[in-house]
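This briefing introduces the ligand surroundings in one molecular structure. Please examine the sequence and the model before reading the points below.

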Amino acid sequence: MYMYILCSISSTASLCNTCITSHFNYATLFTYSSHMYILHTIPSTICIEGNIASGKTTCLEYFSKTSNIEVLTEPVSKWRNVRGHNPLGLMYQDPTRWGITLQTYIQLTMLDQHLSTISAPMRMMERSIYSAKYIFVENLYRSGKMPEVDFAVLSEWFEWITQNIAIPVDLIVYLQSSPQTCHERLKERCREEEKIIPLEYLEAIHQLYEDWLIKKTSFNVPAPVLVISADDDLQKMILQYEENREKILSGSNV
Ligand SMILES: Nc1ncnc2c1ncn2[C@@H]1O[C@H](COP(=O)(O)OP(=O)(O)O)[C@@H](O)[C@H]1O
Ligand SMILES: Nc1ccn([C@H]2C[C@H](O)[C@@H](COP(=O)(O)O)O2)c(=O)n1
């Protein structure tokens, strides 16, 4: 049985009793097995957050050209095809029946991305295990589309994972966009499963993101937040990415 202890950072890494999960440019992980500590350096993690079709994948594609960054887009292809089944499509057709199926699988695939071994010193991820729970599961539950028992089971899983496994995030980049813009872009992208998404759905997701990352009134925010306005056209977005490049790559919102 492995015990994970996440330790500090800056100059000399020292063993500590509590998990420190944010605000650091890189972290050092000690895995304790039998009588031996094994030291690993874990890459810093930047999560790109935002509404559906706000431009996260486009942003990640832009930064994928930067050296020393490994970009991990959301594994949507897995969500559309797990052993021949399409939980994403099923969820949009009947959220009450299939919401837990999709979100259980998303929780697993996001955990896998957080923990995956990469060779670069920096990991840039699309969303996180945190937004999966605080935004999408929460939205299904609050809108009355997820039965209480399903929400309870997912919550127990989430709490177990986050209390027993260190999932450090160093910076959240929030692509803040209006639900209207997202709706336009979503129609343009034309993903089959998403054709039935109404504007109201994007408004609900937007509100949950604002409460979490701007007002900070709903759930724990696991890292500093850098807000980038995402309603602009692509050229202006690239300018904004360049203006914020240093902050993003240093994992800092200041
Ligand atoms: N700044 C932008 N202006 C106009 N269209 C955009 C912009 N950013 C992305 N798009 C387009 O909007 C759609 C959704 O973008 P995408 O990056 O896939 O969003 P997300 O990953 O957040 O769902 C895509 O068709 C993409 O080409
Ligand atoms: N926890 C989640 C995460 C994503 N989705 C849905 C929303 C979209 O239809 C699709 C991909 O998201 P995008 O990258 O386009 O913002 O997956 C979900 O239902 N639950």
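## Ligand surroundings in a predicted model

The shell around ligand 2 is made up of 11 nonpolar residues, 1 polar residue and 7 charged residues. The model is a predicted one. The points below describe ligand 2, ligand 1, the pocket that holds ligand 2 and ligand 1, and finally one loop residue.

**Ligand 2 and its shell**

- Ligand 2 is surrounded by 19 residues, and the closest of them are Lys56, Glu74, Tyr92, Arg127 and Glu194.
- Four helices each contribute at least two residues to the shell around ligand 2: helix H2 (76-80), helix H3 (87-93), helix H4 (95-115) and helix H5 (129-142).

**Polar atoms beside ligand 2**

- Glutamate 194 has a side-chain N or O atom 2.5 Å from an oxygen atom of ligand 2.
- For tyrosine 92, the distance from a polar side-chain atom to an oxygen atom of ligand 2 is 2.6 Å.
- Glutamate 126 also takes part, with an N or O atom of its side chain 3.2 Å from an oxygen atom of ligand 2.
- On its own, ligand 2 has 450 Å² of accessible area, and the protein covers 99% of this area.

**Ligand 1 and its contacts**

- The residues surrounding ligand 1 number 14, with Lys56, Thr57, Thr58, Arg189 and Asp232 the closest.
- By class, these residues comprise 3 nonpolar, 5 polar and 6 charged.
- Lysine 56 places a side-chain N or O atom 2.7 Å from an oxygen atom of ligand 1.
- Threonine 57 has a polar side-chain atom 2.5 Å from an oxygen atom of ligand 1.
- Glutamate 126 has a polar side-chain atom 3.2 Å from an oxygen atom of ligand 1.
- Of the 560 Å² of accessible area that ligand 1 has on its own, the protein covers 79%.
- Helix H1 (56-63), helix H7 (179-189) and helix H9 (234-249) are the elements that give two or more residues to the shell around ligand 1.
- Among the contributors to this shell, H1 gives the most, with 3 residues.

**Residues listed for both ligands**

- Lys56 is among the closest residues to ligand 2, and Lys56 is likewise among the closest to ligand 1.
- The side chain of glutamate 126 has an N or O atom 3.2 Å from an oxygen atom of ligand 2, and a polar atom of this side chain lies 3.2 Å from an oxygen atom of ligand 1.

**The largest pocket**

- Where do the ligands sit? The space taken by ligand 2 is the largest pocket, and the space taken by ligand 1 is the largest pocket as well.
- The volume of the largest pocket is about 810 Å³.
- Its lining consists of 40 residues, and those nearest the centre of the pocket are Ala53, Ser54, Lys56, Thr57 and Arg189.
- The lining divides into 19 nonpolar, 8 polar and 13 charged residues.
- At least two lining residues come from each of H1, H2, H3, H4, H5, H7 and H9.
- Which helix gives the most to the lining of the largest pocket? H1 does, with 5 residues.

**Lysine 195**

- Lysine 195 belongs to the loop between H7 and helix H8 (199-214).
- The side chain of lysine 195 forms a polar contact of 2.9 Å with the side chain of glutamate 192.
- In sequence, lysine 195 and isoleucine 52 are 143 residues apart, while in space their C-alpha atoms are 12 Å apart.

Key. Residues are numbered from 1 along each chain as its sequence is written. Chains are lettered from A and ligands numbered from 1 in the order in which they are written. This is a predicted model: local features need pLDDT of at least 70, side-chain atom pairs count only at pLDDT 80 or more; totals for chains, interfaces and linings use all residues. Side-chain values use heavy atoms; hydrogens and water are left out. A residue is near a molecule or strand if one of its heavy atoms lies within 4 Å of it. A polar contact is a pair of N or O atoms within 3.5 Å; within protein, one must be able to donate a hydrogen and the other to accept it, and residues adjacent in sequence count only if both atoms are side-chain atoms. Accessible areas come from the Shrake-Rupley method with a 1.4 Å probe; for residues, only the protein chains shown count as cover. On a 1 Å grid over the protein atoms alone, a cavity is a set of points where a 1.4 Å probe fits but cannot get out, and a pocket is an open set with protein on both sides within 12 Å along at least five of seven lines; lining residues have an atom within 4 Å of a point. A molecule sits in a cavity or pocket if more than half of its atoms lie within 2 Å of its grid points. Ala, Val, Leu, Ile, Met, Phe, Trp, Tyr, Cys and Pro count as nonpolar, Asp, Glu, Lys and Arg as charged, and the others, Gly among them, as polar. Grid points are joined across faces, edges and corners, and a volume is the space filled by probe spheres set on the points.
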